[in-house]
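Let's walk through this one together, going from a single spot out to the whole fold and back again. Keep the viewer open as you read.

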Amino acid sequence: MARRVSALLEAAHRAVEAALERAARPLLAVDATAGNGHDTLFLARRVGENGLVLACDVQRAALEATRARLETAGLAGRARLALEGHEHLARLLAVLVPDRSAPDALPGVAAAMFNLGFLPGSDKRVVTRPDTTLAALDGLLPHITPGGVISLHLYTGHDGGAEEAAAVLSRAARLPSTAWSVLQSHVSNRERPREYLLLLERL
Ligand SMILES: C[S@@+](CC[C@H](N)C(=O)[O-])C[C@H]1O[C@@H](n2cnc3c(N)ncnc32)[C@H](O)[C@@H]1O
């Protein structure tokens with residue numbers, strides 16, 4: 001059965017796809033919350049043969065589901081799966097791209113996705129949290145290439161979700177407008193509790 005894609009997820013995918021299309025090759029993308037691997041697969045399809053997706057999650061089962069999804073699509077070779085919190089992204093990226101000046105080096109990150117909250121159908125106590133989400137964002141921002149995009153899907157319906165959304169929206173609103181375009185969306189006539197999509201584009 002096809003996955004039901006919300007308007008916000010569709011908007012995130014469109015923005016990420018456009019960023020990957022305009023970026024220089026080879027492409028590097030990040031899935032900061034691999035979960036069941038839907039977004040990792042979306043990114044793996046679009047980074048192309050020489051591209052790479054770094055995907056992390058704190059749940060082993062999530063990474064196993066992600067690996068299985070990639071293998072079914074024949075794209076496991078395009079992803080590095082890290083059983084680590086995204087608050088360690090800066091370190092993970094430094095290992096993956098030790099020397100950006102090398103001729104065959106991957107450039108910075110052209111697109112990154114955060115689908116926050118908990119993994120549907122799993123332990124709802126394992127949720128993303130404001131402090132680690134902000135640490136992830138701060139570690140990732142310097143790695144985004146000009147024209148690159150970070151999408152953040154924020155949910156407010158679970159315990160701590162509203163606080164996390166507020167913290168991330170506030171952090172994003174303080175990014176310098178000379179370096180970042182920050183777009184915030186929500187569906188105003190239907191979705192309750194409210195979900196937000198934040199699109200951060202490096203100018
Ligand atoms: C909404 S789900 C992600 C869905 C996923 N993008 C997909 O396509 O299926 C959120 C995920 O964030 C993970 N998570 C929670 N804290 C995390 C952290 N500190 N670092 C990375 N992932 C985390 C959870 O384990 C869960 O799998």
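**Starting at G85**

Setting aside neighbours within four places in sequence, G85 is in contact with V58 and T132; contact here means that the C-beta atoms, placed from the backbone, lie within 7 Å. Before going on, note that you're looking at a predicted model, in which local features need pLDDT of at least 70, side-chain atom pairs count only at pLDDT 80 or more, and totals for chains, interfaces and linings use all residues. Residues are numbered from 1 along each chain as its sequence is written.

You'll find G85 in the loop between strand 3 and helix 4. Helices (H or I, at least four residues) and strands (E, at least two) are DSSP runs, numbered from the N terminus. Is G85 buried or exposed? Neither quite: it has 18 other C-beta atoms within 10 Å, so it is partly exposed. The cut-offs are 20 or more other C-beta atoms within 10 Å for buried, 12 or fewer for exposed, and partly exposed in between, again with C-beta atoms placed from the backbone. D57 is 28 residues away from G85 in sequence, yet their C-alpha atoms are 5.9 Å apart.

G85 also belongs to the ligand's surroundings: of the 22 residues around the ligand, the ones that come nearest are T33, G35, N36, H38 and G85. To count as near, a residue needs its C-beta atom, placed from the backbone, within 6 Å of the molecule. That shell splits into 7 nonpolar, 12 polar and 3 charged residues. In this scheme Ala, Val, Leu, Ile, Met, Phe, Trp, Tyr, Cys and Pro are nonpolar, Asp, Glu, Lys and Arg are charged, and the others, Gly among them, are polar.

Now zoom out. The protein has 6 helices and 7 strands, and from the N terminus they run α-β-α-β-α-β-α-β-α-β-α-β-β. Its radius of gyration (over C-alpha atoms) is 16 Å, close to the 17 Å from the globule rule for 203 residues, so the protein is as compact as a globular protein of that length; the rule is 2.2 Å times the number of residues to the power 0.38. Among contacts between residues at least 6 apart in sequence, 74% join residues at least 24 apart.

What about the inside? Buried residues make up 41% of the 203. The largest nonpolar core has 56 residues, and A29 and A111 have the most contacts inside it. Such a core is a set of buried Ala, Val, Leu, Ile, Met, Phe, Trp, Tyr and Cys residues joined through C-beta atoms within 7 Å. Beyond four places in sequence, A29 touches several residues, including L20, L43, V53 and A111.

Helix 5 (residues 130-140) shows a similar theme: T133, A136, L137 and L140 are buried. Down the helix axis, these buried residues fall within an arc of 95° (taken from the directions from the axis to the C-beta atoms), so they line one face. Their cover includes strand 1 (28-31), helix 4 (89-96), strand 4 (109-115), strand 5 (144-155) and helix 6 (161-173).

Two loops finish the tour. P26 sits in the one between helix 1 (7-22) and strand 1, and the R25 to P26 peptide bond is cis, with omega near -5°. G77 lies between helix 3 (60-72) and strand 3 (79-82), and counts as exposed because it has 11 C-beta neighbours inside 10 Å.

Conventions:
Contact = placed C-beta atoms within 7 Å.
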